[in-house]
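Visitor: I am new to reading protein structures, and I would like a close look at a single part. Could you take me to the place where the ligand sits and then show me what is around it?

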Amino acid sequence: MSNYCDIKHSPTFVDWSTGFLTGEGIEESVKKLGELQGLFQDDSAWRSMDPGTVVYRVQFWRPVKDGTAGGLFWGATEVRPGRVGDEFFMTHGHFHLNPDRAELYATIRGSGMLLLMTEDGETWAETMWPGSVHYIPGRTGHRVANVGAEPLVFVASWPSDAGHDYERVLTSGFPKRLVLRNGAPCLV
Ligand code: PAN
Ligand code: ZN
């Protein structure tokens with residue numbers, strides 16, 4: 001929409017209380033437990049759960065074509081509270097296909113952990129809480145776990161030519177996992 005002086009309203013809108021995006025061209029993907037085979041350590045606990053359970057959903061806005069050099073994307077992810085066995089619900093996690101591409105995450109609501117892993121498998125975690133901002137350098141695998149009782153929502157911005165390598169996380173995995181130990185989250 002534009003007025004007489006070339007001043008435009010952006011067609012995209014974020015509700016900062018929820019992270020929810022509205023407007024033209026917003027895409028959405030939903031990940032259910034049944035699609036996340038092999039991700040959680042306790043396979044028998046995974047099998048005993050309803051495969052239709054939503055683990056997380058992502059809304060994203062791609063103002064330029066996927067793969068464009070120099071562009072940026074925006075997304076909002078909601079990770080539901082829950083566990084498979086003693087392991088917290090989490091995103092799949094990935095490296096960027098274009099390995100040196102970095103990313104920013106910022107937490108809107110909830111409480112979580114950002115798991116980070118170098119290409120050599122060195123792993124650490126950063127706590128996520130409303131307002132926390134996280135710089136994810138290139139060549140660093142990233143995954144988010146919800147360690148609270150309410151949904152965890154964060155926004156992200158990443159280069160439009162980053163791409164996602166999910167295979168590497170499935171085959172070599174994150175060496176450390178976020179589990180509930182004596183009532184508290186623990187990286188083991
Ligand atoms: C995020 C993630 C999102 C879902 O937008 O894609 O949180 O996680 P998975 O992609 O691992 O399923 C991002 O890191 N983009 O690059
Ligand atoms: Zn990413």
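Guide: Let us start with His142, where an N or O atom of the side chain is 3.3 Å from an oxygen atom of ligand 1. Please keep in mind that this is a predicted model. A second histidine takes part too: in the side chain of His94, an N or O atom is 3.0 Å from an oxygen atom of ligand 1. Then find Tyr166, which has a polar side-chain atom 2.5 Å from an oxygen atom of the ligand.

Now widen the view a little. There are 15 residues around ligand 1, and Tyr166 is one of those that come nearest, together with Tyr56, Thr77, Gly93 and Tyr105.

Next, look at the empty space in the protein. A general idea helps here: when a probe the size of a water molecule is rolled over the atoms, it shows where empty space is left. In this model the largest pocket has a volume of about 480 Å³. Its lining is made up of 25 residues, and you will recognise two names among the closest to its centre: His94 and Tyr166, listed there with Val58, Trp158 and His164. Several strands give two or more residues to this lining, namely β3 (26-32), β4 (54-61), β5 (72-79), β8 (103-109) and β13 (152-159). Sorted by class, the lining residues are 11 nonpolar, 10 polar and 4 charged.

Let us return to His142, our starting point, and follow the chain around it. Strand β12 covers residues 140-146, and it is an edge strand, pairing on one side only. The other edge strand is β10, residues 123-128. Between them lies β9, giving an open sheet of 3 strands in the order β10-β9-β12, with antiparallel pairing. From one strand to the next, the twist averages 25°. To see one pairing in detail, follow β9 along residues 112-118, where 6 bridges join this strand to β10. Leu116 is a good place to pause, with Trp124 in β10 as its bridge partner.

For a smaller example of antiparallel pairing, go further along the chain to β14 (residues 178-181) and β15 (residues 184-187), joined by 4 bridges. Here Arg181 stands opposite Ala184. The two strands form a hairpin with 2 residues between them, and in the turn Asn182 has a positive phi of about 50°.

Methods:
Residues are numbered from 1 along each chain as its sequence is written. Chains are lettered from A and ligands numbered from 1 in the order in which they are written. This is a predicted model: local features need pLDDT of at least 70, side-chain atom pairs count only at pLDDT 80 or more; totals for chains, interfaces and linings use all residues. Side-chain values use heavy atoms; hydrogens and water are left out. Two strands pair if DSSP finds at least two bridges between them. Axes are lines fitted to C-alpha atoms, for helices over the stretch in contact, and angles run from 0 to 180 degrees between N-to-C directions. On a 1 Å grid over the protein atoms alone, a cavity is a set of points where a 1.4 Å probe fits but cannot get out, and a pocket is an open set with protein on both sides within 12 Å along at least five of seven lines; lining residues have an atom within 4 Å of a point. Grid points are joined across faces, edges and corners, and a volume is the space filled by probe spheres set on the points. Ala, Val, Leu, Ile, Met, Phe, Trp, Tyr, Cys and Pro count as nonpolar, Asp, Glu, Lys and Arg as charged, and the others, Gly among them, as polar. A residue is near a molecule or strand if one of its heavy atoms lies within 4 Å of it. A polar contact is a pair of N or O atoms within 3.5 Å; within protein, one must be able to donate a hydrogen and the other to accept it, and residues adjacent in sequence count only if both atoms are side-chain atoms.
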